Amino acid sequence: MSKVNKKIALLWAIPALMVIAGLGFWLATQVTVKSHQSASNELAVEQSKLINKKSKVGTVLDSKQPNVSAASNLLDKLLTLDWTIASQKEFDAKAKQMTPYVTQDVVKNSLDFKADPDKMITQTGVVMTYDHMDFLPTSASSTGVKGKVIVFVKSHLKDSADATTRFVYNVSYNPKTNLVTKLDRIGTYQLQSDSSVL
């Protein structure tokens, strides 16, 4: 084969090799995409199973202990109002918003209904957001539900990182009136955002 023929063959071989390499790369990418899609689908199926299982647990709780479920739902609404505070104005208005969910005895005695004459939110600039709560019933009957609630609140000061604070309450609930009859804050536990405890 002459040098000219070798050069021509080489010029034709280079694009052919590039096409073959491109096809190989495309096939490898397709395999990776399909395996990723398969893993995503499996994850979605597992997530769906967990959601269904959680829903079934909630349904069982509703059917076996409707008063516990009602207490948990009401406390969640109440504590969302209580611990979502972005400004002093919201802090000052929260007691009025919470009053329909509690008895007058709670309004008079609970720390969560006390005014803030020192305007601490304005002074500190702290912003708080209700995250979730864990309700631990200790007794439940047709006349009332008693227990403890651990409230998880995220808070931050200006540009600082979020910190999680846990507020612990003794609570009671009257299913006949659908009101919280006791809301006693008994402790506060501070956790930094990078804590591995939670």
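1. Let me start with threonine 164, which counts as buried because its relative accessibility is 6%, under the 20% limit for that class. This is a predicted model, so please take what follows as a reading of computed coordinates. Threonine 164 sits in strand E3, which covers residues 163-174. Its side chain has a polar partner: the side chain of lysine 154, at 3.2 Å.

2. A quick word on the whole chain may help you place that strand. The protein has five helices and four strands, and from the N terminus the order is α-α-α-α-α-β-β-β-β. Of the 198 residues in the protein, 25% are buried. Looking at contacts with a separation of 6 or more, 53% of them join residues 24 or more positions apart.

3. Tyrosine 173 is another residue of strand E3, and I would look at it next. With a relative accessible area of 5%, tyrosine 173 is buried. Leaving aside residues up to four places away in sequence, its list of contacts includes Asn67, Ala70, Ala71 and Leu74. Thr143, Gly144 and Val145 are also among the residues touched by tyrosine 173, as are Asn178, Leu179, Val180 and Thr181. For a distance to check in your viewer, take tyrosine 173 and leucine 74: they are 99 residues apart in sequence, and their C-alpha atoms are 8.9 Å apart.

4. Which side chain makes a polar contact with the side chain of tyrosine 173? The partner is asparagine 178, at 2.7 Å. Asparagine 178 belongs to the loop between E3 and strand E4 (179-192). Whereas tyrosine 173 is buried, asparagine 178 counts as partly exposed, with 38% relative accessibility.

5. The backbone of asparagine 178 deserves its own point. Most residues other than glycine have a negative phi. In asparagine 178, however, phi is near 55 degrees, a positive value in a residue that is not glycine.

6. Now to the helices. H2 spans residues 66-83 and H3 spans residues 88-98; their axes are 8 Å apart and they pack at an angle of about 160 degrees. The two helices are therefore roughly antiparallel to each other, since angles over 145 degrees fall in that class. The crossing of H2 past H3 is left-handed.

7. Which residues of H2 and H3 meet? From H2 come Leu78, Leu81 and Asp82, and from H3 come Lys94, Gln97 and Met98. By type, the residues in this contact divide into three nonpolar, one polar and two charged.

8. Between these helices, the loop from H2 to H3 holds serine 87. Serine 87 is partly exposed, with a relative accessible area of 27%. Its C-alpha atom lies 8.1 Å from that of valine 126, and the two residues are 39 residues apart in sequence.

9. One more residue of helix H2 is worth a look: serine 72. Setting aside residues up to four places away in sequence, serine 72 touches Met133 and Phe135. Aspartate 134 is 62 residues from serine 72 along the chain, with a C-alpha separation of 8.7 Å. H2 thus appears again in this note, with serine 72 in place here and Leu78, Leu81 and Asp82 meeting H3.

Technical notes
Residues numbered from 1 in each chain as written. Predicted model: local features only at pLDDT ≥ 70, side-chain atom pairs only at ≥ 80, totals over all residues. Heavy atoms only, no water. Axes fitted to C-alpha atoms, helices over the stretch in contact; angles between N-to-C directions. Parallel < 35°, antiparallel > 145°, perpendicular 65-115°, else oblique. Left-handed = near helix turned anticlockwise from the far one by under 90°. Contact = heavy atoms within 4.5 Å. Nonpolar A, V, L, I, M, F, W, Y, C, P; charged D, E, K, R; others polar. Buried < 20%, exposed > 50% of the residue type's maximum accessible area, 1.4 Å probe, protein only. Polar contact = N/O pair within 3.5 Å; in protein donor to acceptor, adjacent residues only side chain to side chain.
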